[in-house]
Amino acid sequence: MAQAMRPNTGVSIIATDGKPHPLQDTLVVVTLVLGLTAAISSIWSDLHLLSSWAGLAGILLGGYGQYISETTRERFGLILGLGASAFGFFIGMAHGGLFGGLIG
């Protein structure tokens, strides 16, 4: 009956494995910041360069973060950042793209 007294940590969304993951945590924060930047700057069509480049960087960093993530907490934050990055990227592309007005 000793196992009945142990808490079930696998159920919690924010449960970690008790080990530090500095690279993964950094990628989560950077992806969230890039996603917020891309999504917020996509509101103004004149900021399409910022929103599209920040979105592209967020998508690439978030994808790599998903590849090396080890806990559900990291994956949850990365998915939020990836979604915001993709939203900002696509709206930025619709407003002029990565090089709109700079080339040609």
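User: Which helix does S41 lie in?
Analyst: Quick heads-up: this is a predicted model, where local features need pLDDT of at least 70, side-chain atom pairs count only at pLDDT 80 or more, and totals for chains, interfaces and linings use all residues. Residues are numbered from 1 along each chain as its sequence is written, and side-chain values use heavy atoms, with hydrogens and water left out. Helices here are DSSP runs (H or I, at least four residues), numbered from the N terminus. On that basis, S41 lies in helix α1.

User: Is S41 buried or exposed?
Analyst: The scale runs on relative accessible area: buried is under 20%, exposed is over 50%, and partly exposed is in between (1.4 Å probe, protein chains only). S41 has a relative accessible area of 4%, so S41 is buried.

User: Which backbone oxygen does the side chain of S41 reach?
Analyst: A polar contact is a pair of N or O atoms within 3.5 Å; within protein, one must be able to donate a hydrogen and the other to accept it, and residues adjacent in sequence count only if both atoms are side-chain atoms. The side chain of S41 has a partner at 3.4 Å, and that is the backbone oxygen of A38.

User: Which side chain meets R73 in a salt bridge?
Analyst: The rule asks for a side-chain nitrogen of Lys or Arg within 4 Å of a carboxyl oxygen of Asp or Glu, and the count comes to one salt bridge. For R73, the N to O distance is 3.4 Å, and the partner is D25.

User: How many residues apart in sequence are the parts that R73 and D25 tie together?
Analyst: R73 counts as partly exposed at 33% relative accessibility, and D25 is partly exposed at 28%. R73 lies in helix α3 and D25 in helix α1, so the pair links parts whose separation in sequence, in residues, is 48.

User: Why is the pair of W53 and F99 stacked, tilted or edge-to-face?
Analyst: Rings of Phe, Tyr and Trp (its six-membered ring) pair if their centres lie within 6.5 Å; planes under 30 degrees apart count as stacked, over 60 as edge-to-face and the rest as tilted. The structure holds two aromatic pairs. For W53 and F99, the ring centres are 5.5 Å apart and the planes sit at 75°, so the pair is edge-to-face.

User: Where does W53 lie, given that its partner F99 is in the segment after α3?
Analyst: W53 counts as partly exposed at 40% relative accessibility, and F99 is partly exposed at 46%. The pair ties together parts that are 46 residues apart in sequence, because F99 is in the segment after α3 (72-95) and W53 lies in helix α2 (residues 48-68).

Terms used. Helix = DSSP H or I, 4+ residues; strand = E, 2+ residues; numbered from the N terminus.
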